[in-house]
Amino acid sequence: MTGGWLGWLGNMLPILLLMPLFWLVASFLFESLRSDQPSGPDTPKTRKSILTGALWDVFLVELWTFVLVDEMRDADGSRFFIGVLTMAICLVTFQIIRSLLEAYRLGSAETTSPRA
């Protein structure tokens, strides 16, 4: 009897998958509409900001992997959707590795003292 009203939970996975995309587009539109502030130089990347970005990427990979496993379990799973998810997971995993290497290089450059 309670299983009928819990069916909407199956629709939450695509919504959660689309939320980061919506956030990205909305933030881009918001920044492009703000013309009152002149565009200045980008803030320098710190090790903390790089690692924070990598953690968000890990969260996305975990979410997409959960959706991918659910789609692969489904007998009528879309092969196109499975392929797109697999490619997205590979690309973001590569970005995570690049971010971690950049944070490592930045951290090692901060710890070494310049010789005069």
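Which helix supplies the largest share of the lining of the second largest pocket? I shall come to the answer after a short account of the fold. Please bear in mind throughout that this is a predicted model.

I begin with the overall architecture. The protein chain contains three helices and zero strands, so the order of elements from the N terminus is simply α-α-α. There are 116 residues in the protein chain, and 17% of them count as buried. The accessible surface amounts to about 9,900 Å², with 69% of that area belonging to carbon and sulfur atoms. As for the contacts with a separation of 6 or more, 76% of them join residues that are 24 or more positions apart.

Let me turn to helix H2, which covers residues 47–73. Its length can be checked by a simple argument: the helix has 27 residues, and at 1.5 Å a residue it should span 39 Å. The C-alpha atoms at its two ends are 39 Å apart, and therefore the model agrees with the expectation. Several residues of H2 are buried, among them Asp-57, Leu-60, Val-61, Trp-64 and Glu-71.

How does H2 meet helix H3? I shall take two places in turn, beginning with Leu-68 and Ile-89.

Leu-68 is located in helix H2. Its relative accessibility is 11%, and because buried means under 20%, Leu-68 falls in that class. Setting aside residues up to four places away in sequence, Leu-68 touches Ile-82, Leu-85, Thr-86 and Ile-89. Between the C-alpha atoms of Leu-68 and Gly-83 the separation is 9.3 Å, with their positions 15 residues apart along the chain.

Its partner Ile-89 belongs to helix H3. Ile-89 is likewise buried, at a relative accessible area of 13%. Beyond its neighbours within four places in sequence, Ile-89 is in contact with Val-61, Trp-64, Thr-65 and Leu-68. Leu-60 and Ile-89 stand 29 residues apart along the chain, and their C-alpha atoms are separated by 8.4 Å.

The other place involves Ala-54 and Ser-99. Ala-54 is a residue of helix H2, and its relative accessibility of 4% makes it buried. Ser-99 is found in helix H3 and is buried too, with a relative accessible area of 8%. With residues up to four places away in sequence left out, Ala-54 touches Ile-96, Ser-99 and Leu-100, while Ser-99 touches Ile-50 and Ala-54. Ala-54 also lies 8.0 Å from Gln-95, C-alpha to C-alpha, although the two are 41 residues apart in sequence.

This brings me to the pocket. Rolling a probe the size of a water molecule over the atoms reveals where empty space remains. The second largest pocket holds about 170 Å³ of space. Ala-54, Gln-95 and Ser-99 are among its lining residues, together with Lys-45, Ser-49, Ile-50, Gly-53, Asp-57, Arg-98 and Glu-102. By character, the lining divides into two nonpolar, four polar and four charged residues.

The opening question can now be answered. Both H2 and H3, the latter covering 79–111, supply at least two residues of this lining. The largest share, five residues, comes from H2. Ala-54 and Ser-99 thus appear in two settings: they touch each other, and both belong to the lining of the second largest pocket.

Terms used:
Residues are numbered from 1 along each chain as its sequence is written. This is a predicted model: local features need pLDDT of at least 70, side-chain atom pairs count only at pLDDT 80 or more; totals for chains, interfaces and linings use all residues. Side-chain values use heavy atoms; hydrogens and water are left out. Helices (H or I, at least four residues) and strands (E, at least two) are DSSP runs, numbered from the N terminus. The expected span of a helix is 1.5 Å times one less than its number of residues. Buried means under 20% relative accessible area, exposed over 50%, partly exposed in between (1.4 Å probe, protein chains only). Contact means heavy atoms within 4.5 Å. Accessible areas come from the Shrake-Rupley method with a 1.4 Å probe; for residues, only the protein chains shown count as cover. On a 1 Å grid over the protein atoms alone, a cavity is a set of points where a 1.4 Å probe fits but cannot get out, and a pocket is an open set with protein on both sides within 12 Å along at least five of seven lines; lining residues have an atom within 4 Å of a point. Grid points are joined across faces, edges and corners, and a volume is the space filled by probe spheres set on the points. Ala, Val, Leu, Ile, Met, Phe, Trp, Tyr, Cys and Pro count as nonpolar, Asp, Glu, Lys and Arg as charged, and the others, Gly among them, as polar.
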